[in-house]
Amino acid sequence: LNHRHVAPSILSADLANLADDVRRVVDAGATVIHFDVMDGQFVPPITVGPVVLGALRDALPESIYLDVHLMIETPERQIEDFASAGADGITFHAEATPHAHRVLHQIREADCRAGLAVCPATPPGIFEEVADLLDLALVMTVNPGWGGQSLIPSTLEKVKTVRSMLGPDVAIQVDGGVDAETAPLCADAGATWFVAGSAVFGADDPAASYQAIAAAAGV
Ligand code: DX5
Ligand code: ZN
């Protein structure tokens, strides 16, 4: 968890050939796969849930880390289902529940790494309140809900703030608008986990694109 990782996001993969698409980036060196879950409530789109996560889990080597990003209301209802479907880490949104402290506990109880996410408009102070329960802090660099948006520059200041708040040992993840151009800016601000959806799976050669972003991010 303490190393740098570029995590390709399945949101921009071909969902009818999900395992094949993911294997292309795994063969190129990716060890973390970002799995975006949307419920049509917290964000308008609906994507996939534990059933698809379990199918992907079965199709991939054990060593691949499945990084689940829950963009859903009341995430406390779903933690056990995602954990038993094969999540390695589960990240939920601070805006989606008043019970961040309890849900972080719940995720660790389920034997997963615990992550908390904040949208661009949410101040980062909550990370400080739960610092000892946090394996990963996700600073959204776009508004959640859609792939292919541009990184919001002011979020990089927030990454800096969170890095000085949490010290060197916590993974800080950026998600949204990350590509070979923006990854170095995120790294300079203190990010260590870089999610990239359209920049990987939207490219003609996802494997080469993964490798270019990983090189740019200093992985
Ligand atoms: C957006 C999702 C992201 C998405 C990023 O709400 O959380 O993980 O896949 O897409 P890109 O990398 O295209 O901005
Ligand atoms: Zn995501």
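Student: In this predicted model, where does Gly-197 lie?

Tutor: Two secondary-structure elements flank this residue, β8 (193-196) and α8 (198-201). Gly-197 belongs to neither, and its place is the loop between β8 and α8.

Student: Is Gly-197 buried or exposed?

Tutor: A residue counts as buried if 20 or more other C-beta atoms lie within 10 Å of its own. Gly-197 has 25 such atoms within 10 Å, so the residue is buried.

Student: Which residues does Gly-197 touch, not counting residues up to four places away in sequence?

Tutor: UniProt, in an unreviewed entry, lists Gly-197 under "binding site" together with Ser-9, His-69, Asp-175, Gly-176, Gly-177 and Ser-198. One of these, Ser-9, is also touched by Gly-197. With residues up to four places away in sequence set aside, the residues touched are Ser-9, Leu-11, Ser-12 and Gly-147.

Student: Is Ser-198 buried, exposed or partly exposed?

Tutor: Ser-198 lies in helix α8, and beyond four places in sequence it touches Ser-12, Gly-147 and Gly-148. Buried residues have 20 or more other C-beta atoms within 10 Å and exposed ones 12 or fewer. Ser-198 has 19, which means that it is partly exposed.

Student: What is the largest C-alpha distance in the "binding site" set of His-34, Asp-36, His-69 and Asp-175?

Tutor: This set comes from an unreviewed UniProt entry. Its residues are spread over 142 residues of sequence, yet they cluster in space, and the largest C-alpha distance is 10.6 Å.

Student: In which strand is His-34 placed, and how many other C-beta atoms lie within 10 Å of it?

Tutor: Among the residues that His-34 touches beyond four places in sequence are Asp-67, His-69 and Val-195. His-34 is placed in strand β2 (residues 32-38). His-34 is buried, because the number of other C-beta atoms within 10 Å is 27.

Student: With which residues is Asp-175 in contact, leaving aside its neighbours within four places in sequence?

Tutor: Asp-175 is found in strand β7 (residues 171-175). It has 28 C-beta neighbours inside 10 Å and therefore counts as buried. Its contacts outside the excluded neighbours are His-69, Leu-138, Met-140, Thr-141 and Val-195.

Student: Which residues have the most contacts inside the largest nonpolar core?

Tutor: In soluble globular proteins, nonpolar side chains tend to be buried together. The largest nonpolar core here has 76 residues. Val-6, one of those with the most contacts inside the core, is in contact with residues including Ala-30, Ala-196 and Val-219. The residues with the most contacts inside the core are Val-6, Ile-90, Leu-116, Ala-137, Phe-194 and Ile-213.

Student: Are the axes of helices α1 and α9 parallel, perpendicular or oblique?

Tutor: The axes of α1 (residues 18-27) and α9 (residues 206-217) come within 8 Å and cross at roughly 45 degrees. That angle makes α1 oblique to α9.

Student: Which residues make the contact between α1 and α9?

Tutor: α1 passes α9 in a right-handed crossing. The contributors from α1 are Arg-24, Val-25 and Asp-27, and those from α9 are Pro-206, Ala-207 and Tyr-210.

Student: How far apart in space are Pro-44 and Trp-146, C-alpha to C-alpha?

Tutor: Pro-44 lies in the loop between β2 and α2 (50-59). It counts as exposed because it has 10 C-beta neighbours inside 10 Å. Pro-44 and Trp-146 are 102 residues apart in sequence, while their C-alpha to C-alpha separation in space is 9.3 Å.

Technical notes
Residues are numbered from 1 along each chain as its sequence is written. Chains are lettered from A and ligands numbered from 1 in the order in which they are written. This is a predicted model: local features need pLDDT of at least 70, side-chain atom pairs count only at pLDDT 80 or more; totals for chains, interfaces and linings use all residues. UniProt positions are given in the numbering used here, feature names are shortened, and annotations may be inferred rather than shown by experiment. Helices (H or I, at least four residues) and strands (E, at least two) are DSSP runs, numbered from the N terminus. Two residues are in contact if their C-beta atoms, placed from the backbone, lie within 7 Å. A nonpolar core is a set of buried Ala, Val, Leu, Ile, Met, Phe, Trp, Tyr and Cys residues joined through C-beta atoms within 7 Å. Axes are lines fitted to C-alpha atoms, for helices over the stretch in contact, and angles run from 0 to 180 degrees between N-to-C directions. Angles under 35 degrees count as roughly parallel, over 145 as roughly antiparallel, 65 to 115 as roughly perpendicular and the rest as oblique. A crossing is left-handed if the near helix is turned anticlockwise from the far one by less than a right angle, and right-handed if clockwise.
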